[in-house]
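Biologist: I would like a close look at a single part of this model, taken slowly and with its surroundings included. Please choose one strand and follow its pairing, its burial and its contacts outward into the rest of the chain.

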Amino acid sequence: MKSARSRLSLANRPPRDGATRTTTTRPVTLRKPELAPADRKLLLLNKPYMVLCQFTDEAGRETLKDYITEPGIYAAGRLDRDSEGLLLLTNDGKLQARLTQPGEKTPKTYWVQVEGIPSEEKLAALRAGVELNDGMTLPAGARIMDEPAVWPRNPPIRERKEIPTSWLEIKIIEGRNRQVRRMTAHIGHPTLRLIRYAIGDWTLDGLAPGESRALPAPELAPATRQHKPSSSRSGNNTAKPAGDAPRRASQPKRDERPRSTHSTASATPSPTGGKPRSSGRSTARRPARAGNPNSSDKES
């Protein structure tokens, strides 16, 4: 039999003479408090050409800090340095995640100036998805559009007299590195100029290059799971009439129905001459066996 004496843990053993015990504590990570709706910020910026989509740069190139003075906000997503157009900035982490996570599939609309005029067959390839070096792209919206009334780019695009240019409107829900440029190059029409016009419902309308506009951040309701109604095995979900409910409620449960016992039958007189009533399972009685005086007390 094992002894009930408590064991001395090594962690609780007293240190030897002259020795000191060091204890290690794990760092505690504190979560940032959730922002109140009134404290949420959302900025729309028309990012100019050749501006880095960050606030610092060791090489001294233009960054967002040259256009944004609002503290505590960060870009929700990225836009290449040689691309122009709409950029969203916010101090709300939930909104930033909703706009940048691939699973959210926020649509983005681009105005793209390309070399040449793509055929309908090549536009259909973009709509179906093309094979890039990092896999197939998801189906995209693609159409030829009229030249938009946009600001001139500085420096201007390179043009060739023998090769015309055209404008495409391309809508994607992915965010791969330089995806639109690689898509147009794949169909043989390199991108000359790329402007992001819209992210979701937010657009560039009314914003000149370098201008920003503050908007109230949208209220982010918690995601709720939608439960599907369970189907019956037969596949019919016909509702029963309401009249059945009180009828079922008035009937006693199977375990609660009164049972006939030998003691009850002998204590209470019966209109059948002292014989116990049946439990209701069967109305017919089996004739008593001869020579068995207690056979009348048994139920069939």
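**Strand β8 and its surroundings**

Modeller: One point before the details is that this is a predicted model, and what follows should be read in that light. R153 lies over the face of Y49, at 4.1 Å from the ring centre, but I mention that arrangement in passing and turn to strand β8. The setting is a protein with five helices and eleven strands, in which 29% of the 300 residues count as buried. Among contacts between residues at least 6 apart in sequence, 67% join residues at least 24 apart.

Strand β8 covers residues 165–172, and six of its eight residues are buried, so the strand is largely enclosed by the rest of the structure. It pairs with β4 in the antiparallel sense, through eight bridges, and within that pairing Q113 stands opposite W167 of β8. Strand β7, residues 141–145, also runs antiparallel to β8, and five bridges join the two; here I144 has L168 of β8 as its bridge partner.

E169 gives a view of this arrangement from within β8. Its relative accessible area is 16%, under the 20% limit, and it therefore counts as buried. Leaving out residues up to four places away in sequence, E169 touches T109, Y110 and W111, and also G141, A142, R143 and M145.

W111 leads onward from here, since it belongs to the one aromatic pair that the structure holds. The ring centres of W111 and Y197 are 4.3 Å apart and their planes meet at 10°, so the pair is stacked. This pair links distant parts of the chain, as W111 is in strand β4 (residues 108–115) and Y197 in strand β9 (residues 191–199), with their positions 86 residues apart. Both partners are enclosed: W111 counts as buried at 15% relative accessibility, and Y197 is buried with a relative accessible area of 17%.

Strand β9 can be followed further through T191, which is found in that strand and, at 14% relative accessibility, counts as buried. The side chain of T191 makes a polar contact of 2.6 Å with the side chain of T184. Neighbours within four places in sequence aside, T191 is in contact with V112, Q113 and V114, as well as with V180, R181 and T184. Q113 thus appears twice in this account, as a contact of T191 and as the residue opposite W167 in β8.

The nonpolar cores complete the picture. In the largest of them, which has 19 residues, L86, L88 and W202 touch the most other members. Strands β1 (41–47), β3 (84–90) and β9, together with helix α1 (93–100), each supply at least two residues of this core, and β9 gives the most, with four residues. W202 touches L42, L44, L86, L88, R98, L99, Y197, L215 and P218, again not counting residues up to four places away in sequence; Y197 in that list is the stacking partner of W111. Apart from this core lies another, of 16 residues, among them L126, L132, L168 and L194. With L168 the description returns to β8, where that residue is the bridge partner of I144.

Notes
Residues numbered from 1 in each chain as written. Predicted model: local features only at pLDDT ≥ 70, side-chain atom pairs only at ≥ 80, totals over all residues. Heavy atoms only, no water. Phe/Tyr/Trp six-rings, centres within 6.5 Å; stacked < 30°, edge-to-face > 60°. Buried < 20%, exposed > 50% of the residue type's maximum accessible area, 1.4 Å probe, protein only. Lys NZ or Arg CZ within 6 Å of the ring centre and 35° of its normal. Pairing = 2+ DSSP bridges. Core = buried A, V, L, I, M, F, W, Y, C linked by side-chain atoms within 4.5 Å. Contact = heavy atoms within 4.5 Å. Polar contact = N/O pair within 3.5 Å; in protein donor to acceptor, adjacent residues only side chain to side chain.
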